[in-house]
Amino acid sequence: MPPTPRKHIPAILPYPPGKPIEEVQREFGLTEVIKLASNENPLGPSRKAVVAMRALAAEMHLYPDGAGFYLKGKLSEKYGLPPEWIVLGNGSDEINGLLIQTYVNRDESVIFSEHDFVSYLLEALKANVKFKQAPLRDWRVDVDALLERVDSKTKLICIANPTNPIGTMIEKKEFERFLAEVSEDVLVLLDEAYFEYVTKRSYPDGLKFVRRHPNLVVARTFSKAYGLAGLRVGYAFANPEIIQNLDRVRKPFNVNRMAQASAIAALDDEAHIRRSRENNEKGRQLLESELRKMKIAFVPSVTNFILIDTGRSGADVTRALMAQGVIVRPMAGYGLPQHIRVTIGRPAENRKFLAVLKKVIQ
Ligand SMILES: *Cc1c(COP(=O)(O)O)cnc(C)c1O
């Protein structure tokens with residue numbers, strides 16, 4: 001018998017990866033399979049990022065720049081905060097874990113909303129710290145419910161805005177009130193993974209609050225609208241003291257060389273972000289209006305995915321869709337056994353999803 005792990009480890013469920021496209025093709029004997037399961041950009045990465053990656057392939061014997069000098073410089077220029085206010089992560093997901101490892105003592109706790117991004121729960125379990133979950137209200141993060149759960153042991157509150165897998169957002173005035181009420185001893189992680197997709201005017205831009213709130217960390221990523229999920233690169237803005245502490249804990253080469261170079265190139269391609277946002281808006285409008293016609297319940301979304309209530313087992317619907325060549329994400333792992341989450345695709349992918357869903361559900 002091999003040795004036993006630390007006591008809290010067996011209770012952690014590993015993150016369930018979706019099936020890769022090739023595997024679904026093989027298993028069901030399909031030639032055409034579309035994946036609308038991971039909120040990836042259906043238009044792919046920027047051409048500029050692809051060119052940057054190709055140019056760099058022959059330099060992979062060199063370690064990355066562990067300080068991320070040029071990428072931080074570029075982000076600083078674009079968003080108007082100095083490089084000392086930036087930490088880079090192996091995906092923005094790494095930053096949740098770093099915050100917990102760096103700040104939350106064993107007797108302290110983390111608060112986040114029910115059904116919010118599963119990484120907050122996983123990182124709290126891994127670090128073996130306590131956590132509390134606040135209920136949503138009308139499928140939206142309820143800042144009052146979060147505040148009510150704060151006590152003297154609270155160290156970190158995580159909010160994904162928009163929240164994944166629900167697809168709703170909190171409004172600027174709600175976030176302002178939340179920041180005004182929460183004590184400065186409590187760290188606030190505002191996770192803006194879908195920032196580039198949101199077009200609502202009442203959406204709070206977290207970076208506007210970072211200078212005034214030394215407890216605020218705003219995380220963003222190149223995995224979603226930038227279409228670089230495979231490279232694993234994200235970043236956060238926060239007070240330089242927080243950044244220095246995170247730098248003590250992160251691995252020295254957490255963001256690889258290819259990722260840094262293509263993220264820099266991608267930041268120069270505003271047109272790609274605009275096209276991605278437009279494709280997403282049109283696709284979401286189509287999906288939502290067709291779902292209404294089909295009388296299928298869903299949560300209206302501000303981002304690049306929609307949470308759909310199938311009215312039956314979401315796992316069964318997911319399997320039936322897969323057999324027809326459409327991969328979506330079942331939501332039982334998020335405590336939503338009847339729901340599936342579908343990512344907005346290209347127009348033809350959206351139409352195929354709707355046609356197959358109609359067959360499977362009606
Ligand atoms: C996708 C996602 C992330 C970021 O993922 P990375 O690929 O690790 O950058 C972070 N938060 C939420 C809510 C997400 O949905």
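The following exchange considers a predicted model of one protein chain.

Biologist: On what terms should the model be read?

Modeller: This is a predicted model, in which local features need pLDDT of at least 70 and side-chain atom pairs count only at pLDDT 80 or more, while totals for chains, interfaces and linings use all residues. Residues are numbered from 1 along each chain as its sequence is written, and side-chain values use heavy atoms, leaving out hydrogens and water.

Biologist: How many helices and strands does the chain have?

Modeller: Helices (H or I, at least four residues) and strands (E, at least two) are DSSP runs, numbered from the N terminus. By that definition, the chain has 13 helices and 13 strands.

Biologist: What is the radius of gyration of the chain?

Modeller: The radius is taken over C-alpha atoms, and the globule rule is 2.2 Å times the number of residues to the power 0.38. For 362 residues, a compact globule would have a value near 21 Å. The chain agrees with this, at 20 Å.

Biologist: What percentage of the residues in the chain is buried?

Modeller: Buried means under 20% relative accessible area, exposed means over 50%, and partly exposed lies in between (1.4 Å probe, protein chains only). Of the 362 residues, the buried share is 54%.

Biologist: Why is helix α10 described as largely enclosed by the rest of the structure?

Modeller: Helix α10 covers residues 257-267. Among its buried residues are Met258, Ala263 and Leu267. The helix is largely enclosed because the buried residues number eight of the 11.

Biologist: Against which helices do the buried residues of α10 pack?

Modeller: Packing is judged by contact, meaning heavy atoms within 4.5 Å. The buried residues of α10 pack against α2 (47-56), α3 (69-79) and α11 (270-293).

Biologist: Which residue caps the N-terminal end of α10?

Modeller: The cap is a polar contact, a pair of N or O atoms within 3.5 Å; within protein, one must be able to donate a hydrogen and the other to accept it, and residues adjacent in sequence count only if both atoms are side-chain atoms. Here a side-chain oxygen lies 2.9 Å from the backbone nitrogen of Met258. The capping residue is Asn256.

Biologist: Is Val342 buried or exposed?

Modeller: Val342 lies in strand β13 (residues 339-343). Beyond its neighbours within four places in sequence, Val342 is in contact with residues including Leu36, Ile308 and Phe353. With a relative accessible area of 1%, Val342 is buried.

Biologist: Which backbone oxygen does the side chain of Thr310 reach at 2.6 Å?

Modeller: Thr310 sits in the loop between β10 (305-309) and α12 (314-323), and at 5% relative accessibility it counts as buried. A polar atom of its side chain lies 2.9 Å from the backbone oxygen of Arg312. The partner at 2.6 Å is the backbone oxygen of Gln338.

Biologist: What is omega for the cis peptide bond that joins Asn161 and Pro162?

Modeller: Pro162 lies in the loop between β5 (154-160) and α7 (172-181). Pro165 is also placed in the loop between β5 and α7, and the bond from Asn164 to Pro165 is cis, with omega near 20°. For Asn161 and Pro162, omega is about -5°.

Biologist: What is the phi of Asn128?

Modeller: Asn128 is in the loop between α5 and β4 (130-134), and is partly exposed, with a relative accessible area of 26%. Although Asn128 is not a glycine, its phi is positive, at about 60°.
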